[in-house]
Amino acid sequence: MSAQNTEFAAPLEALASDGLQPIDALLNDQHPRKLAAKAWAADHLGSAPDDFDRLRWQRAAQAGFLSMVVPTDRGGLGCTLVEAMLSFEGLGAGTSDSGLVYALVSQTFAMQRALVDHGTDKQLDRWLADILAGQSMGGFAMSEPGAGSDISSIQTVAVADNKQTNSWRLTGQKSWVTLGPLADVAIIFASTDPSKGRWGISAFLIETDRPGVQVGESIDRMGLRGAPFGNIALNDVAVTSDDLLGKVGAGASIFAAAVEAERALLYAPQLGATERLLALTIERATTHRAGDRTIGSFQAVSHRIADLKLGLEASRLLAYKAAALADQGSSVTLAAALAKLQTSESAVAGALDAMRVFGAEGYTVGAGIEAELRHAIAGLNFAGTSDIQRNVVAGLLGVDRPRRTQPSDPDAQR
Ligand SMILES: Cc1cc2nc3c(=O)[nH]c(=O)nc-3n(C[C@H](O)[C@H](O)[C@H](O)COP(=O)(O)OP(=O)(O)OC[C@H]3O[C@@H](n4cnc5c(N)ncnc54)[C@H](O)[C@@H]3O)c2cc1C
């Protein structure tokens, strides 16, 4: 492991697994576990800087936020997903640096999880400890300029190298990779057999200083400034079976498992951020006056706040349900899609409601409300757009297939 910087905060004891019952997390939105993470974030992260700050990342990593769901025999804290969710919810409530928190959660549930679940001992020994300590960063690269929602159309190919067995040459372009511009290593999804569509996709774990790998600059973006994202170009990169993550052709299932976990869990900090926004909005409605009345006494304003609370509570219930189902080993495809859809859409709606309650003040950068809206909008895209979540839900309910009526069918006569 690389040398650690000792100036950082000590591990946060409240992040360790403690036998939390899912129902306790569900029913107590001021659970001590969440409050401990919130207080830590307020003390050690506070408000957001203009850009990603590596020292802040390492501080969070060394407090244990990246280690929560990694098994103890791999150097992690062995937490359940519900436990991790509660801590991440607190992290989101305690700091307005939503970008940094998003990047921590994204790396935890996509890159690290795929690495832990499918990595060989050699791959884990090389990367995991450094990543958990915040010394190295990992990217998870599936999206391409022409393949976001539809992964079966990725164009990055791994062509078998005729000169050597069990080796390929990788060529293609990955886009929007969270932490990509800073990544030391990335999981790259490439087609080893384009004739098989998604079942021909394989995952490779590749260090970003390998010849032929070119990491692009951070792309400027509307929100989440603490979470840089960018392109990764692959130009005839030599890879062998030692670089495979999982088996040949397992890429789509590795991706699907990670994305499902992301859908269920990536929004935990968003719950905390919305809670913060709700508190600010209540404060504004009960103190700001229009004429001789506080604005909260207008039903139009108070109902917006009621809707914000409703959106938050509904999101919380769905998100914890998805995490609890995942912890008990049940399928979470439906629960995760519903949780992602509800949380991301209601975060945007809630931020817009808060903007309205704040009036012109909300439009100023200093009030911090517009930043919440900009961060929330990112959530409509990552881990699959809202349209894709609706497709998943409709598909699981069996309503998305055309059913033809026969001429003799009496229903057809109506
Ligand atoms: C902040 C952020 C971080 C990201 N991080 C990563 C990362 O780390 N790794 C990574 O691989 N990717 C990442 N992405 C990319 C993200 O996964 C894609 O943006 C997302 O999958 C959508 O793909 P797209 O942007 O290409 O949109 P498209 O797929 O081109 O979709 C455009 C529009 O068409 C609609 N549409 C497309 N297909 C359908 C359909 N079948 N049915 C109905 N509507 C449809 C979409 O809903 C959308 O409205 C990130 C994106 C963001 C915003």
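In this predicted model, the buried residues of helix 6 are covered by elements that include helix 3 (54-63), helix 5 (98-118), strand 1 and strand 4 (185-191). The residues of helix 6 that lie buried are W127, L128, I131 and L132. Viewed along the axis of helix 6, these buried residues fall within an arc of 120°, and they therefore line one face of the helix. Such a pattern accords with helical geometry: an α-helix has 3.6 residues a turn, so residues three or four places apart point the same way. On the other side of helix 6, K122 and D125 are exposed.

The length of helix 6 was also examined. The helix comprises twelve residues (residues 121-132), which at 1.5 Å a residue should span 16 Å; the C-alpha atoms at its ends are 16 Å apart, so the expected and computed values agree. Just after helix 6, G134 adopts a positive phi of about 80°.

Strand 1, one of the elements covering the buried residues of helix 6, also contributes to the surroundings of the ligand. Strand 1 (138-141), strand 3 (167-178) and helix 13 (386-396) are the elements that each give two or more residues to the shell around the ligand. Of the 19 residues around the ligand, those that come nearest are S143, G148, S149, T385 and D387. By residue class, the shell consists of ten nonpolar, eight polar and one charged. At the level of domains, at least three residues of the shell are drawn from each of domain 2 (139-249) and domain 3 (254-396).

Notes
Residues numbered from 1 in each chain as written. Predicted model: local features only at pLDDT ≥ 70, side-chain atom pairs only at ≥ 80, totals over all residues. Near = placed C-beta within 6 Å. Helix = DSSP H or I, 4+ residues; strand = E, 2+ residues; numbered from the N terminus. Nonpolar A, V, L, I, M, F, W, Y, C, P; charged D, E, K, R; others polar. Domains from an automatic or database assignment. Expected span 1.5 Å × (residues − 1). Buried ≥ 20, exposed ≤ 12 C-beta atoms within 10 Å, placed from the backbone. Arc of directions from axis to C-beta. Contact = placed C-beta atoms within 7 Å.
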